[in-house]
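Here are a few short exercises to work through with the model open in front of you. Try each one before reading its solution.

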There are 2 protein chains.
Amino acid sequence: MARSDTRFRAAYNQVLDYCEGQPAGAHIPSEAALCEIAGVSRTVIRRCLSRLQEAGIISWDGREKRILRAPAESDRIDQPEPTAGGADLEERFLDWVLRFDVPAGTTLSVAELSRTFSVPQHELKEFLAGLSRFGLVSRRPQGGWTLLGFTKEFAVELSDFRSVLELNAVAQAVEAPVDHPLWAKLAELRDRHLDLKARIDRDYHAFSKLDEGFHQAINSVVKNRFVAEFQKVISLIFHYHFMWDKTEEKIRNAAAIDEHLAIIDALEARDGPAAQEAARRHLRTSKTTLLSSLRHHDLG
Amino acid sequence: MARSDTRFRAAYNQVLDYCEGQPAGAHIPSEAALCEIAGVSRTVIRRCLSRLQEAGIISWDGREKRILRAPAESDRIDQPEPTAGGADLEERFLDWVLRFDVPAGTTLSVAELSRTFSVPQHELKEFLAGLSRFGLVSRRPQGGWTLLGFTKEFAVELSDFRSVLELNAVAQAVEAPVDHPLWAKLAELRDRHLDLKARIDRDYHAFSKLDEGFHQAINSVVKNRFVAEFQKVISLIFHYHFMWDKTEEKIRNAAAIDEHLAIIDALEARDGPAAQEAARRHLRTSKTTLLSSLRHHDLG
DNA sequence: ATACAGTTCTTAATTATTAAATGCACATCG
DNA sequence: CGATGTGCATTTAATAATTAAGAACTGTAT
C-alpha cells in the first residue's frame, strides 16, 4: 500500500552506469550533481548511495564518496514492468469501444476496465474524467460512469464540429506561404491518391490510412492546442468507424479519393471558395457515411 | 479509510419520514419497495432497518416488519456536510488562477489545492486531468501538475479557437427560424445594451455580465456538446480577464457595446456577410484586449 | 409460481501508508 | 565569509487497503 519505487530503481541503475565509466578510487560528484544526472530528487539519490555502500561498490562518509569496485551486471536492480501501456490508453479504449460496438448508455466499471486494460484504477478514473470533457462519458449519480458516445446525436454533433474545424483549416491552408511543408505533403498525397485510385479494386482497404494522413495534413496548418486535442479524438473515431463499416466500402472509398483530389486541386490553385466547396462536399459525405454505419449497427 | 455513509444517513432519515406518516403497529412495505422510496439499494435499506430495530422504532423478523413507536426528532442522524462545493470547482479554480494572477509554469500541488478549495484530493486529480484535455495544465514527470495557461500563445490560440466557434454560431444564427427564442433574446439584449450605453460612465462594470449573456445567446443556436463544453471554459476565461483587467475599462466597454449592437443589427437584418464582418471585428478587439491584459500582468 | 428475504460477491469512494520531493539549517572547504 | 554540499524534517503524491454501497443469486413462505 504505497507508491512504487520505479524511480529509485531506474535511478540506481543510472548511477551504476555512471560508476562504470569511472575508475576505481575515483571521487563521486555531489548529491545535487547526481540528481541532475539521474533526473530525480536528492532523496532518491541518497537511497541509491546507501544501497551502493551496502553493496560495497562505494565508500560513503559525508562528502567523501569514492568508488571501491566496478559494478557487476548482478548489481543492477531489474525494472518491474517496462510496459506501462497507460500512454496509449485513449487509443486502446476507443478501439475497444468501437471494436466491440459497446452501445451508448453502457455502464462502465472502473474495476473492470482496469482489468481489461491492465491499468491502475486511478489512472482510468483520470482518463474517464478527461473524456467526460468531450462528452463521451459522464459520471453516474450512484457512482460509476456511463458511455454516452456513438448515438446518432453524438455522430451528428461530432461531424458538425469536425466540419467547423476542418473548413477553418482549409481556409487557412489556402493562405499558407509557398514554403510551407503542406504543399510538398499535398503533392505527395496527390500521387498516393492517384496511385491508389488505379488499383482501388484490390487495395481499397488502404484508403483508411490515406484518409487519416490527408486530414492530418490539412489540419497541420492550424497551430492550435485546442484543435489538435480534438483532432486526435475525431480522427480516431472516424478512422475506426470506416474501418469496421464494410458496406459498399469499395465504392465509398473510390468516391472519397475523388473528393480528396478535388480539394487538393482547389488548394493548389489557391482558390479559396472552390476549396471550401470541395471540402464541404467531402465532409457531407463523411457525415452520411458515419451515420449510415451507425444505422447498420442499430439493426444488426 | 472507507467511503462515506452519506447515502445511508439520507436514506435512514427518509425512512423515518415514511414511518412518521404511518400509525403505530402498521406494517412496513417490502425491502424492495423501500428501495424505491429512498432511491437506494437493498443493502442500505437493510442497514436502515437494522438500526431502526436497534432504536426500538420497529420490530423486524423476516417479512414481519411493524412500527412500534413514532420516531422522535432525536432519532434522526445528522447529515455530515450538505456543502460539497465540488460542483462549481471549475469556476472557483479559474477564479483563483486569475484573481491571484498565478503565472504560467507554476507548479500546482494537489494537496495544497485540496486545502484551499476544501475538496477531496482525488476529485482535484480528476478535475486537473480534465483540464489537461484543454491544454490548461499538464502532468509533471516528477509528479504534480504545471499550470500552462495564460501565456501569450495560450491567449492567441484560445482567441482564435473562439473566433472559429463564434463565427460559425453567427452563420447559423442568421439562418435561425423566426420563432427561435434567439430573436426575442436579441431584442431584449439590444435594449439592455442601449440602456447601459446611456449610463456607461457610472455603470461600466455591469458590462462584463452583459457580454457573457450576449455571447451565450449567439452560441445558443448551436446545439453541439463539444461547442458547449468549450464555450463554458472560454466564456469563463474571457469573463474573468475582463473583470480583473481595469485598464481603460470604460472606453473599452463602451466600444464593445457598439460592436455588439452592430452584430445585433446585422443579425436582425438577416445580413449574413455583414454579421460575419461585425463579429469578426468584435472578436479581433476581444483578442487584442486579452493579449494586452496579459502584457500588463507581465510588467506588473 | 412469485414475491420477498437471506446471502454472497463486486464495485467504488476514501483513507492509510510509503516513496519521492522539497525546504531549511548547518557544516565544510576554498 | 561565501559558496557549495550534507543532514534532517516536512510535505506531497502514488498506490494499496478498507469499507459502504450496489447487484445478483438462492432459498422459502405464501
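**Exercise 1.** Which residue with a positive phi follows α4(A)?

Solution. Keep in mind that this is a predicted model. Go to the end of α4(A) and read on: there you meet Asp101(A), with a positive phi near 50°. Now step back into the helix, which spans residues 89-99 of chain A. Its buried residues are Leu89(A), Glu90(A), Phe93(A), Leu94(A), Asp95(A), Val97(A) and Leu98(A). To make sense of such a list, recall that an α-helix has 3.6 residues a turn, so residues three or four places apart point the same way.

**Exercise 2.** Find how many disulfides there are over all chains.

Solution. The cut-off is 2.5 Å between cysteine sulfur atoms, and the count is zero. Take Cys19(B): its nearest cysteine sulfur belongs to Cys48(B), 10 Å away. Cys19(B) is buried, because its relative accessibility is 2%. For Cys35(B), the nearest cysteine sulfur is again that of Cys48(B), 9.4 Å away. Cys35(B) has 12% relative accessibility, so this cysteine counts as buried too.

**Exercise 3.** Describe how chain B meets chain A, working from the whole contact down to one pair.

Solution. Start with the totals: 34 residues from chain B and 34 residues from chain A take part. Together the chains bury about 3000 Å², with 55% from carbon and sulfur atoms. On the chain B side, Arg133(B), Arg225(B) and Phe226(B) lose the most area, together 30% of what that side buries. Next, look for charges: nine salt bridges cross the interface. One pairs Glu157(A) with Arg225(B), their closest N and O atoms 2.8 Å apart. Finally, ask which element gives chain B's largest share: α7(B), with nine residues.

How values were computed:
Residues numbered from 1 in each chain as written. Chains lettered and ligands numbered in written order. Predicted model: local features only at pLDDT ≥ 70, side-chain atom pairs only at ≥ 80, totals over all residues. Heavy atoms only, no water. Buried < 20%, exposed > 50% of the residue type's maximum accessible area, 1.4 Å probe, protein only. Helix = DSSP H or I, 4+ residues; strand = E, 2+ residues; numbered from the N terminus. Contact = heavy atoms within 4.5 Å. Buried area = accessible area lost by both parts, 1.4 Å probe. Salt bridge = Lys/Arg side-chain N within 4 Å of Asp/Glu carboxyl O.
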